[in-house]
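Reader: Please give a close look at one part of this structure, namely the pairing of charged side chains. I would also be grateful for an account of the surroundings in which such pairing is to be read.

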Amino acid sequence: MRKIYTAAIVIICLIVTMNIVFADSSREIRMKYEDEDITVIFDGSLPDDELLCKKIADRLVDGDNDNEVESISLCWLFGHDITTASVTTITHKVRTHSPRCLKEVYDVELCSKCDYYKEERVAAYYIVCHPND
């Protein structure tokens, strides 16, 4: 009886732990740029920093990709503390016929100790997001 009780406690702990992990990874941040008609979607693997997400979204939308690293940090000595995230951009109404919207997926690398930033487009395809006018 004691073995069944111990096994049940272990199983319950595993289920609770899995729910916490999956609940945290399902959060998603969306930013809409009305002028360019672009939506930027963050997968939730970045820290909850709205300014950081805004900075990344601005770089993806505006195409500004300067990879300057802050010279004050000691990353040149101790190495970067890299966080990798998946960021999706949807450019609406690119084409006149269906599928009209361009969906692009980027792998973004960031250092938490300096301004290191690197993006790489890993996928681009058209989706049905808006019907034909």
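Author: A definition is needed at the outset: a residue is called buried when its relative accessible area is under 20%, exposed when that area is over 50%, and partly exposed in between. The model is predicted.

Side chains of opposite charge can pair when their charged atoms come close. The working criterion is a side-chain nitrogen of Lys or Arg within 4 Å of a carboxyl oxygen of Asp or Glu. Under that criterion, four salt bridges are counted. Three of them are described here, beginning with the pair in helix H2.

Asp58 and Lys54 form a salt bridge in which the closest N and O atoms are 3.1 Å apart. Both residues belong to helix H2, which covers residues 50-62, and because they are four residues apart there, about one helical turn separates them. Asp58 has a relative accessibility of 25%, so it counts as partly exposed. Lys54, at 38%, is likewise partly exposed.

The next residue to consider is Lys55, which forms a salt bridge with Asp115. Their closest N and O atoms are 4.0 Å apart. This pair links distant parts of the chain: Lys55 lies in helix H2, whereas Asp115 lies in the loop between strand S4 (101-111) and strand S5 (117-127), and the two are 60 residues apart. Lys55 is partly exposed at 38% relative accessibility, and Asp115 is partly exposed at 34%.

Asp115 can also be placed with respect to His80. The C-alpha atoms of His80 and Asp115 are 9.9 Å apart in space, while the residues are 35 apart in sequence. His80 sits in the loop between helix H3 (75-78) and strand S3 (82-91), and its relative accessibility of 36% makes it partly exposed.

A further salt bridge joins Asp37 to Lys32, with 3.2 Å between the closest N and O atoms. Here too the partners are partly exposed, Asp37 at 24% relative accessibility and Lys32 at 39%.

The sheet supplies the setting for helix H2. It is an open sheet of five strands in the order S1-S2-S3-S4-S5, and the pairing is antiparallel. Strand S1 (29-33) and S5 are its edges, each pairing on one side only. From one strand to the next, the twist averages 20°. S3 and S4 run antiparallel and are joined by ten bridges; Thr88, for instance, has Val105 in S4 as its bridge partner. H2 packs on this sheet and touches S1, strand S2 (38-42), S3, S4 and S5, with its direction at about 45° to that of S1.

What, finally, does a search of the whole structure find in the way of disulfides? It finds zero. Cys129 is in no disulfide, and the nearest cysteine sulfur, belonging to Cys101, is 4.0 Å away. A disulfide requires two cysteine sulfur atoms within 2.5 Å, so that separation does not qualify. Cys129 is partly exposed, with a relative accessible area of 35%, whereas Cys53 is buried at 1%.

Notes:
Residues are numbered from 1 along each chain as its sequence is written. This is a predicted model: local features need pLDDT of at least 70, side-chain atom pairs count only at pLDDT 80 or more; totals for chains, interfaces and linings use all residues. Side-chain values use heavy atoms; hydrogens and water are left out. Buried means under 20% relative accessible area, exposed over 50%, partly exposed in between (1.4 Å probe, protein chains only). Two strands pair if DSSP finds at least two bridges between them. Axes are lines fitted to C-alpha atoms, for helices over the stretch in contact, and angles run from 0 to 180 degrees between N-to-C directions. Contact means heavy atoms within 4.5 Å.
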